[in-house]
Amino acid sequence: MASTNPEAQPAPDENDSSASEAEPFESLNFPADLVMKQRALTAAYTALHAFAAAPSMPWTVDPHDGWDDSGTGVWRETSRPGTAGWTDEQRSEYARLWAEVRRRAIEVSCAPHWEAVRKNCSPEKVVEARQALKQAARKPLDVAQAA
């Protein structure tokens, strides 16, 4: 079911002659490609987080002897086993995933839509629009809007 909130829908193509020149600027009418870029950023960040949080990953990047403060009476007793740290392959994969997140974040934050938002809106509305994009990216796109 399509959203009834027109502000959370991707905007029509800028070259669409049916769009009226006299229409006021609407910061929440996101271009479909910007919504797709936000989705790709979210997916990249999710992949990075899943990789780092995998149960098979050592708890620290660098080698560590670990510790056990059980029975010491400290407020919150903790322990960690010793670890050799991440392998070169794990470090490399993490760096690759992080680079992908950065690349995608640049694509989203430098999209032409934000120049128009900054030009036409208060700083508070810019923040509101950036947050609304994250929400819009969670909703399915209509096939007609994505085309």
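Leaving aside neighbours within four places in sequence, which residues is S27 in contact with? They are H113, V117, C121 and A129. We'll come back to S27 below.

## The big picture

What you're looking at is a predicted model. The protein chain has 147 residues, and 25% of them are buried. Its secondary structure comes to five helices and four strands. Start at the N terminus and the elements go by as β-β-α-β-β-α-α-α-α.

Take the contacts in the chain with a separation of 6 or more: 61% of them join residues that are 24 or more positions apart.

## How sure is the predictor?

Mean pLDDT for the protein chain is 85, with 80% of the residues at 70 or more. Helix α2 has the highest confidence, at 98, while strand β1 (residues 10-11) has the lowest, at a mean of 51.

Two stretches have a pLDDT below 50. One is residues 1-9, which still has 15 contacts in the model beyond near neighbours in sequence. The other is residues 15-20, and there the count of such contacts is zero.

## S27 and H113

Back to S27. You'll find S27 in the loop between β1 and β2 (30-31). Its relative accessible area is 7%, and because buried means under 20%, S27 counts as buried.

One of the partners of S27 is H113, which sits in helix α3 (residues 112-120). H113 is buried too, with a relative accessibility of 9%. Not counting residues up to four places away in sequence, H113 touches F25, E26, S27, N29, F30, P31 and L34.

## Where α3 meets α4

Helix α3 packs against helix α4 (residues 123-136) at an angle of about 145°, and the two axes are 9 Å apart. On the α3 side the residues are W114, V117 and R118; on the α4 side they are V126, A129, R130 and L133. Sorted by class, this contact has five nonpolar and two charged residues, and no polar ones.

Two of these residues are worth picking out: R130 lies over the face of W114, 4.4 Å from the ring centre. And two others tie back to the opening question, since V117 and A129 are among the contacts of S27.

## Aromatic company

There are four aromatic pairs in the structure. One of them is F51 with W86, in an edge-to-face arrangement with 6.4 Å from centre to centre and 80° between the planes. F51 belongs to helix α1 (residues 32-53) and W86 to the loop between β4 (79-80) and α2 (88-109), so this pair ties together parts that are 35 residues apart in sequence.

Are F51 and W86 buried or exposed? Both are buried. They also have company, as F51, W86 and Y94 make up one aromatic cluster.

## Out in the open: P63

For a contrast, have a look at P63, in the loop between α1 and β3 (67-68). P63 has a relative accessibility of 57%, so this residue counts as exposed.

Exposed or not, P63 has partners from elsewhere in the chain. Setting aside neighbours within four places in sequence, P63 is in contact with T83, A84 and G85. P63 and G85 are 22 residues apart along the chain, yet 4.3 Å separates their C-alpha atoms.

Key:
Residues are numbered from 1 along each chain as its sequence is written. This is a predicted model: local features need pLDDT of at least 70, side-chain atom pairs count only at pLDDT 80 or more; totals for chains, interfaces and linings use all residues. Side-chain values use heavy atoms; hydrogens and water are left out. Helices (H or I, at least four residues) and strands (E, at least two) are DSSP runs, numbered from the N terminus. Buried means under 20% relative accessible area, exposed over 50%, partly exposed in between (1.4 Å probe, protein chains only). Contact means heavy atoms within 4.5 Å. Axes are lines fitted to C-alpha atoms, for helices over the stretch in contact, and angles run from 0 to 180 degrees between N-to-C directions. Ala, Val, Leu, Ile, Met, Phe, Trp, Tyr, Cys and Pro count as nonpolar, Asp, Glu, Lys and Arg as charged, and the others, Gly among them, as polar. Rings of Phe, Tyr and Trp (its six-membered ring) pair if their centres lie within 6.5 Å; planes under 30 degrees apart count as stacked, over 60 as edge-to-face and the rest as tilted. A charge sits over a ring if NZ of Lys or CZ of Arg is within 6 Å of the ring centre and within 35 degrees of the ring normal. pLDDT is the predictor's confidence in each residue, from 0 to 100.
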